[in-house]
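Q: I am new to this structure and would like a close look at a single residue. Please start there, and then show me what surrounds it along the chain.

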Amino acid sequence: MYQNYNGCKDIVSSIVDTEKSKIIEVLRNARFLSVLSDGSTHSSVTEQETVFVRYVGINGHPVTQFVSIVALQSAHAEGVLTGIDEALNSVGISRELVDSELVWCNFDGAAVLSGSKTGVATRMRERLVGRDIVVPHCVAHNLEFGVLDAIKQVKYLTIFQSTVQLVYKFYYYSPKRRRELSEIAKILEESTISQTRLQNNSLDSKSP
């Protein structure tokens, strides 16, 4: 139990330090490492990089471990690579350990990450001496592009998406309407769930 904000912060910080020490111990003993990374933009319009590490656990099963979300100095390849190094270093994975244990990286198809000349993957390969790493295009991103292309052929889904967006905007941009919706829900003894964001993967979007 805690009685104030600072007490809660201390408890959470202690939990983080304990869990991080466990992660560091496991990763240092891993024979091979894989890095998964993707970019995002914070609500403060700050470019960020989310980094995961994948390794084989002691039971022989693959494990994917969240490492960190780091703010980038720049969204260019060098800035992203620096951010990835910073994230890995926060869990005890030094540059030397990466160079010796890294066997695989997974990025989306963005040029800054997967570009053949100056992308992050190319820069990581250039660090290694006498060996290479596997860098596939993220399966999840490929699947998303495939679904979006397929949706273009189904007129009903286009109408469905437009209708959902109209309903969303009708309430999202009007506090009065959201308040009225909550009042109706109370009368019907139902709970309301407010969608804070609607991701618009436009049906007209182009696959890279």
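A: Glu189 is exposed, with a relative accessibility of 72%; here exposed means over 50% relative accessible area, buried under 20%, and partly exposed anything in between, using a 1.4 Å probe and protein chains only. Please keep in mind that this is a predicted model, in which local features need pLDDT of at least 70 and side-chain atom pairs count only at pLDDT 80 or more, while totals for chains, interfaces and linings use all residues. Residues are numbered from 1 along each chain as its sequence is written, and side-chain values use heavy atoms, leaving out hydrogens and water.

You will find Glu189 in the segment that follows α8 (175-187). Its backbone deserves a second look: just after α8, Glu189 takes a positive phi of about 60 degrees, although Glu189 is not a glycine. Most residues other than glycine have a negative phi.

What about the helix before it? The 13 residues of α8 should span 18 Å at 1.5 Å a residue, and the end C-alpha atoms of α8 are 19 Å apart, which agrees. That expected span is 1.5 Å times one less than the number of residues.

Stepping back, α8 belongs to a chain with eight helices and four strands, where helices (H or I, at least four residues) and strands (E, at least two) are DSSP runs numbered from the N terminus. Read from the N terminus, the elements run α-β-β-β-α-α-β-α-α-α-α-α. The chain has 208 residues, and 28% of them count as buried. Among contacts with a separation of 6 or more, 53% join residues 24 or more positions apart; a contact means heavy atoms within 4.5 Å.

Let us now travel to the other end of the element list, to α1. The 25 residues of α1 should span 36 Å at 1.5 Å a residue, and 37 Å separates the end C-alpha atoms of α1, so the two agree. The buried residues of this helix are Ile23, Ile24 and Leu27. Of these, take Ile24, which lies in α1 and counts as buried because its relative accessible area is 19%. Leaving aside residues up to four places away in sequence, Ile24 touches Ser90, Val91 and Gly92. The C-alpha atoms of Ile24 and Ile93 are separated by 7.6 Å, although the two residues are 69 apart along the chain.

Next comes a residue in a strand. Ser34 has its place in β1 and is buried, with a relative accessible area of 11%. Again without residues up to four places away in sequence, Ser34 touches Phe52, Val53, Arg54, Leu102, Val103 and Trp104.

Our last stop is a loop. Ala75 lies between β3 (62-71) and α2 (77-89), and with a relative accessible area of 39% Ala75 is partly exposed. Measured by the same neighbour rule, which skips residues up to four places away, Ala75 touches Glu47, Val80 and Val112. From C-alpha to C-alpha, Ala75 and Gly39 are 8.6 Å apart in space, with their positions 36 residues apart in sequence.

Coming back to where we began, Glu189 at 72% relative accessibility counts as exposed, whereas Ser34 at 11% is buried.
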